[in-house]
Amino acid sequence: MVYQYSVSPDAGAGCLSALSYLLHGRFSRKSRATEENEKLLEYYDNDSDDSLQDVKTEKLSTGYWAIDSKVDTTERLRALRFEMKRLNIGVYIVPSEDQHQSEYTSEKDMRRGFISGFDGSSGVAVVSLTGEAVLSTDGRYFLQAERQLDSNWKLLKLNTNGYITWQDWCLQQALALDVNYRRISVDPRLITRKLGEWFLDKCHDLNIQFEPTNDNLVDRIWTDRPRLNTSNIFPLDQRYTGESSEDKIQRIRQQLKTKNASALFVTALDDIAWILNLRGSGDIPFNPVFISYLVVLENSLCLYIPKISSLTPPVSDHLKDLGCRVQPYGSFWDDLQLLESGFAVVVPSNCSFALASNIPPTVSEVIFESMVTNMKCIKNPVELKNHKMAQWKDGIALVRFFAWLEEYLLHHKLTEYQSTQVLSKYRSEMANFRGESFATIASTGSNASIIHYAPTETESKVIDRSEVFLCDSGAHYLEGTTDITRTLHFGNPSAELKERYTLVLKGHIQLALSHFPKGTDGKTLDAIARQPLWRYGLDYHHGTSHGIGSYLCVHEGPVGIGTLVGNETPLQPGNFISNEPGFYKDGEYGFRIESDMAVVDSNYTNLNDDPFFKFDYYTRVPFCRKLIDEDLLNIEERRWLTRYHEVLRNELGGVLIDDFDDRRAWEYLCKETKGFEE
């Protein structure tokens, strides 16, 4: 059976029956695909150039919607420098993160976006009294930053030859200032302990003052700063988590006991949600978490949240059953001083500089270890089974969307942004859908070369059938979180496009086929995905993989595959990660292929009986058949694709026809999974 091959679907047809049963009768779908298509056509009818009534903007001849993507930051910088000068601060750092070191933050914590105008998810802004200001970000955002930064800013490209680091830039700027202003400052709650300690050491050596302040200067000048939304917190049933909160807490306390520690501080929002089997909505877009701190003690817990009155009776009862007190969010810092003396405490390795600096000296030892993050990244069997369900659902939604899009574009116009709304509609018809896991990256032509470009209602290009279309999207289901990218072409791709796409696909397949010994980390595996591109002198400027949460954050540490710091954690069974090589030609096109995989035991050992691991490939979405250059594929890759195509037709075909009556999607699936000659 095809289920025994390395693509590793569930063995046996019984699983498919169970999946169909779970979905049957629980759709808000139309009864016929043709009826549904008529509704979509009616809504998105673009027979005339001015009929896109949902986008209230003027279309340019270039195909972009009229919008100035640059924010004039002159007055904001003038106000910030006034505050800096008042406090004798020469250099001020504005990080992306919030107090919990979150990658994605609530609107009120998007300080770096406010001061710089750059709204990518990663980056650091630094402002100097010399009159200069810089924004540092990684390769995913170089093109976006160049488009969004105004003339007040200089872009520092991270890990790029010819560019110094933003940290060194801070030191250079401070040394260039009058001695009275040789002071670097930042909100200590927004930087990690390690970064704060680095600045302390470097500034000491250079006779520069490093003086963090809780009085955030951006907050002082941000007059219309958004307020924190009230989060809707709700319990997640054990049939999705696979383990009770009581058992998780017991495991944590056992580890604390072995370390002779009296308390564990949990600061990462997804760690807190995981421990308590709670999820939230409203605090941070696309992330089912809630703003909070958690302290685990020997016989009790304490949760700190902004609005206690917002807790529903089921959540309050759940916390009470766990022996968890609930306190106001702000009292966390006061309670920190009440720690019992003579005992050790465990604090996350990436905790804030403020937290590390405020632990009372009476504590016998501070152990910096991301205990919960390390536990959470190893999915239990129930979580892995649910992840397969989530991937199966998302595969159905994406195949239906791609089939609709290909047909629709034959006779109608559609913007990138409008395509994201249609995709969301298809996903919403799947049971237990809880929203997107990030803003959908839908990019046509040159926009696809912007690695993390995301269209908006007011800035969106009309999809061009003669160019590539990159769709990087993800969903939250109660069963799990997805992150899937496919690059398509609806016309006749050139030989260059086919070559570059196939090289990316080869790296994707080779990584999926990898076997590796216990102890192998992501830095070691990264070259496997890049090798086909390297042979042609090509590469990409982002990581190859990241961890994915179980109905949690789409980016989850500590595991990943890439060359940057942070990918040294060895992969082990239970890790659930992405596989996403790519290639981007600036200003012309971009390719990325992303699927999600679990690390499993390979049933092989070395001469010392140490185990080898491999990947179980979960995603169920076809690749773009017309972009594949068969001559570049080796026999192993052809066979892998053939087996994968069989799995897709077997697992998705019956549901597309029987449950959705969507023959268009079935025909699309058959076309995209056409066989290869060996």
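Which residues of helix H6 (residues 166-176) are buried? Select that helix in this predicted model and show its side chains: Trp166, Gln167, Trp169, Cys170, Leu171, Gln173 and Ala174 are the buried ones. To see what covers them, add the surrounding elements to the selection, which include strand E1 (91-94), strand E2 (124-128), strand E3 (133-137), strand E4 (154-157) and strand E5 (183-185), together with helix H7 (193-206).

**The whole protein**

Now zoom out and colour by secondary structure, where 21 helices and 28 strands make up the secondary structure of the protein. Of its 678 residues, 57% are buried, and if you switch to a surface view, the exposed area comes to about 27,700 Å², with carbon and sulfur atoms supplying 48% of it. When contacts in the protein are taken between residues at least 6 apart in sequence, 70% of them join residues at least 24 apart.

**The second largest pocket**

Next select Asp119, Gly120, Gln144, Ala439 and Ala454, which are the lining residues that lie nearest the centre of the second largest pocket. This pocket holds about 1,300 Å³ of space, and its lining comprises 48 residues. Highlight helix H4 (111-116), helix H5 (142-148) and helix H17 (416-428) as well, since each of them supplies at least two residues of that lining. Colouring the lining by class will show 19 nonpolar, 16 polar and 13 charged residues.

**The cavities**

From the pocket, turn to the enclosed spaces, of which there are two cavities of 30 Å³ or more. For the largest cavity, select Leu236, Tyr240, Thr241, Arg279, Glu383, Leu478, Glu479, Gly480, Ser550 and Tyr551, the residues that line it. The space in this largest cavity is about 40 Å³, and its lining divides into four nonpolar, three polar and three charged residues.

Which residues line the second largest cavity? Select Leu264, Phe265, Val266, Asp271, Pro348, Glu369, Ser370, Met371, Val372 and Thr373 to display that lining. Strand E8 (261-266) and helix H15 (371-376) are the elements that give two or more residues to the lining of the second largest cavity, and showing both as cartoons will help you to place the selected side chains. The volume of the second largest cavity is about 30 Å³, and by class its lining has six nonpolar, two polar and two charged residues.

Key:
Residues numbered from 1 in each chain as written. Predicted model: local features only at pLDDT ≥ 70, side-chain atom pairs only at ≥ 80, totals over all residues. Heavy atoms only, no water. Buried < 20%, exposed > 50% of the residue type's maximum accessible area, 1.4 Å probe, protein only. Helix = DSSP H or I, 4+ residues; strand = E, 2+ residues; numbered from the N terminus. Contact = heavy atoms within 4.5 Å. 1 Å grid on protein atoms, 1.4 Å probe; cavity = no way out; pocket = protein on both sides within 12 Å on 5 of 7 lines; lining within 4 Å. Points joined across faces, edges and corners; volume = space filled by probe spheres on them. Nonpolar A, V, L, I, M, F, W, Y, C, P; charged D, E, K, R; others polar. Areas by Shrake-Rupley, 256 points an atom, 1.4 Å probe, with all protein chains shown as cover.
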